[in-house]
Amino acid sequence: MDDAAIRTEGLTKRYGDTLALDGLELDVRSGEVYGFLGPNGAGKTTTIRLLLGLHKPTAGRAFLFGVDAWRDPVLAHRRAAYVAGEPFLWPALTGEETLVYLARLRGSTDAAYRDVLVDRFQLDTDKRVRALSKGNRQKVQLVAAFATRADLLLLDEPTAGLDPLMEVAFRATVLEAKERGQTVFLSSHILSEVEALCDRVGILRRGRLVDQGTLDELRHLSAQAIEVTFEGPAPELPPLAGVHVDRAGPQALRFEVTGSVGPLLEALAPHRVVALTSREPSLEEIFLHHYDAADGRV
Amino acid sequence: MSDAARAFARRTLADSRVRTLSFAAFFAVIAAVNVVGYRKTYPTVADRIRFAVGFGANKSIRLFYGVPHDLLSVGGYAAWRAGGSLSIAAAVWGVLAAVRAMRAEEDAGRQELVLAGAIGRSGAFGAMLVAIATGGVALWLAMFVGLVAARLPAGGSAFLALAVVSVVPVFVGVGAVASQVAPTRRLALGIGSGAVALAFVLRVVADTSSGLEALRWATPLGWVEELRAFASPRPAVLLLPLAAATALLVAARAIAMRRDVGSGLFHAHDSAPPRDRLLGSPTAQALRGELGILAAWVLGIAGFAFILGVISNSISPADIPASLQQQLEKLGLSSITTPSGYLSFTFLFFVFAIALFACSQAAATRREEAEQLLETLLALPVGRRRWLAGRIVLAAGASCVLALLAGVCAWAGAAAEGADVALGGMVGAGANALPASLLFLGIGMLAFAAVPRATAAVAYGLASLAFVWELFGAIVGAPSWTLNLSPFHHIGLVPAQPFRPAAAAVMLAVAAASAVAALAVFERRDLTGP
């Protein structure tokens, strides 16, 4: 038995001239919450479509619990539930009818937990889908997916359109799923959400996984931010390898240091420093670092 | 017109260009083919007199083309044949164009974006009308060119084309009102198609029942006949479509200015107690979704078949002089002079209609994918093969119901009038519609699997082309091997003609092979968005 909930081998997808996904190697362990980050058009939704066997890989393979998602999608989907970024549901069905229909197609659902979720997400299930706002349609999808208690939840920007209260409800629900040992694959733009929920994070850029690891690992590999205030006007420092300098004020400089801070400290030694602060980069900074690199701004 | 309104009108026009150009090509070809065919088939005055005496009185022919006013001149014949059939096409185009511009865009949520820009409701309404009117002018021009190319005089051709296109503004008005009243594209299209069907039935009744001729004034399709192009033109009749169109468009505009964007005058019920029926499988749910459409088809087919049955009783051999029997023999219509023979011939109409129903099911299958509902479905433990097979079975089953219903209702109509028509024969006539219908279903589904975005175009296009070729191919003297290309050419119109089992078997075999190929191809492709 394969203990990886999601595994991809050289997963590649080409649409005409566009290379949407380029040799993706993913390994999401059973029971972990995995954050999948990337700017628009990086290939996140393409990845999920390949993971679900909705699109055919140009090369490589995708497995859910060891089952090839393209060759045997029905078996693969038995242990997975999906929440799409854009909620496409049957406009003429009510919320209740939609939940019943989706549960029947899946084969089983936890009715008691479903009712808990309907309450938690304050869903009016008598309303027809066509009369629901985008956020409310999103809630229908979330309730349906979490109520199945599937071993793997594939969530594609699931909180787009939810208000802050519902965002809180969503986080609580993900943590409950994690406690039960379910695996969550969370593709998201909301960095605070990923930071709060995810054990590991992967960053996708132009169809390639450019960084992956726990938040601590990513921080370690990423630039540290150091801000230095001088007694007089900020001096000109010689260029240093792995150090990026920005002016932070008339008497202050901000450094982004990749690797050791030793050379920077040596370069600062001759100057009169009044204050030096250093902090770990936030996920946002890590993300922006990769994002900027994609645009050639670093 | 403001820049914004101009830009919006151009967008609306571009949206419908494929459909409008297809209709325009159809208009030009049908117009030219009828003229050329008449000259070729009836070269002498004597031929034409014989033809006029026979066909002028024949009610079954009137069903499709209306009442002829002058069958001795080429122009009069063109006005009858091309005018009678193209005016129906023009009505359909008018409804489709209006609903596409005025409801479909809004149903898809795009209209909010337009109205949030530098264009008001009034400006948008005007711009849509300008775009639709441009399409209507294209239809007029196409028909005019088709007639003139076949060497008819320009003045008469212009008037005939105008007479046919006169139904466009009326049915654009109908479509516009339907679009304001109905909250969804589907309902608006349903109301519009219902109006076209009603107009057609009124014309059929007026043209074929003695004593009810006055009903012709109650339908825009009848006005086209009363314009009497090439026979004794009566331009004053044009005031009728003008008045009707104006009234409808004024009403539509008034509603458009008052109602909420994104909803119709009649609100759909937003809340409902849950109903669990037909939610057990994707096929059951598809049936649930299609029930309204199916009911409309059932009503339309049953009602029309019943009316034809009633009319059939008024058919008698006395309608056709003996000298014409030979001519009819040539067209394969020798037994048309009995009620049962008449119904056999008219069932070619149901063969085509039920084939179109099959095409509409292929198009609905594609729409489920284009609206990305299929993505939601296939992310669940639902197999592609099972899903598509379910849709095919559903469409085939519904086609069977419609076909048998047509036969039974035609018999019931005839029996109600005491006509000598056997139930078994009419059930056979209905069942005989199935091979062609299933053939186009198979082809439509294969198109869905192989070229998803072109599903509707391929299915409707091939079925219409094959039918038109069957109606007109022989008239223009096309070589027989090209006539054989149309599946409709191989249908024995039972019970008058013998059933052709070999042709039916070939059609069913191709249908089955296409369906199997569709399942295999669909399993190998990416889901394709709108």
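What follows is a conversation about a predicted model of two chains, A and B.

Trainee: Let me start with one residue. Why is B:Phe306 called partly exposed?

Mentor: Count the neighbours: B:Phe306 has 19 other C-beta atoms within 10 Å. A residue is buried at 20 or more and exposed at 12 or fewer, so a count of 19 falls in between and earns the label partly exposed.

Trainee: Where in chain B is B:Phe306 placed, and what does B:Phe306 touch?

Mentor: B:Phe306 is part of helix H13 of chain B, which covers residues 282-312. Leaving out residues up to four places away in sequence, B:Phe306 touches B:Cys409, B:Ala412 and B:Gly413. Contact here is a matter of C-beta atoms lying within 7 Å. As for B:Ala511, 205 residues along the chain from B:Phe306, the two C-alpha atoms are separated by 29 Å.

Trainee: Now the whole of chain B. How do you know that its radius of gyration agrees with that of a compact globule?

Mentor: Set the two values side by side. For 530 residues, a compact globule would have a radius of gyration near 24 Å, and chain B has 23 Å, so the two agree. The C-alpha atoms of chain B fill a box of roughly 65 × 55 × 45 Å along the principal axes, and 48% of the 530 residues are buried.

Trainee: What makes up the secondary structure of chain B, and how is the chain divided?

Mentor: Chain B has 22 helices and 0 strands. Its two domains are domain 1 (1-267) and domain 2 (278-525), with C-alpha centres 25 Å apart. Of the contacts in chain B between residues at least 6 apart in sequence, 76% join residues at least 24 apart.

Trainee: Take helix H8 of chain B. How do you know that its length is close to what is expected?

Mentor: Helix H8 of chain B runs over residues 154-165, which is 12 residues. The expected span is 1.5 Å times one less than the number of residues, so the value to compare with is 16 Å. From first C-alpha to last, H8(B) reaches 16 Å, close to that expectation.

Trainee: Which residues of H8(B) are buried, and what covers them?

Mentor: The buried residues include B:Gly156, B:Phe159, B:Leu160, B:Ala163 and B:Val164. Their cover includes helices H5 (74-107), H7 (121-149), H9 (167-181) and H11 (220-226) of chain B. A general point helps when you look at such a pattern: an α-helix has 3.6 residues a turn, so residues three or four places apart point the same way.

Trainee: Over to chain A. What is its secondary structure?

Mentor: Chain A comes to 10 helices and 15 strands. Its C-alpha atoms fill a box of roughly 75 × 40 × 35 Å, and 41% of its 298 residues count as buried.

Trainee: What makes E1(A) and strand E5 of chain A a pair?

Mentor: Two strands pair when at least two bridges are found between them, and E1(A) and E5 (residues 59-64) have 5, so they qualify, in the antiparallel sense. One position to look at is A:Ile6, which stands opposite A:Leu64 in E5(A). A:Ile6 also has a bridge partner in E3(A), namely A:Val28. Strands E1 (residues 4-15) and E3 (residues 27-29) of chain A pair antiparallel over 3 bridges.

Trainee: How many bridges join E1(A) to strand E2 of chain A?

Mentor: There are 4, and E1(A) and E2 (residues 18-24) run antiparallel. A:Lys13 has A:Leu21 in E2(A) as its bridge partner. The hairpin of these strands has 2 residues between them, and there A:Gly16 takes a positive phi near 60°.

Trainee: How are E13 and E14 of chain A joined?

Mentor: A hairpin of 2 residues connects E13(A) to E14(A). The antiparallel strands E13 (243-249) and E14 (252-257) share 6 bridges, and A:Gly249 is partnered with A:Ala252 in E14(A).

Trainee: Last topic: how many residues of each chain are in contact across A and B?

Mentor: In this model, 27 residues of chain A are in contact with 25 residues of chain B. Helices H2 (73-77) and H3 (95-106) of chain A each supply at least two residues to the side touching chain B, and H3(A) gives the most, with 8 residues. That side of chain A divides into 14 nonpolar, 4 polar and 9 charged residues.

Terms used: Residues are numbered from 1 along each chain as its sequence is written. Chains are lettered from A and ligands numbered from 1 in the order in which they are written. This is a predicted model: local features need pLDDT of at least 70, side-chain atom pairs count only at pLDDT 80 or more; totals for chains, interfaces and linings use all residues. Two residues are in contact if their C-beta atoms, placed from the backbone, lie within 7 Å. Ala, Val, Leu, Ile, Met, Phe, Trp, Tyr, Cys and Pro count as nonpolar, Asp, Glu, Lys and Arg as charged, and the others, Gly among them, as polar. Domain bounds come from an automatic or database domain assignment. The radius of gyration is taken over C-alpha atoms; the globule rule is 2.2 Å times the number of residues to the power 0.38.
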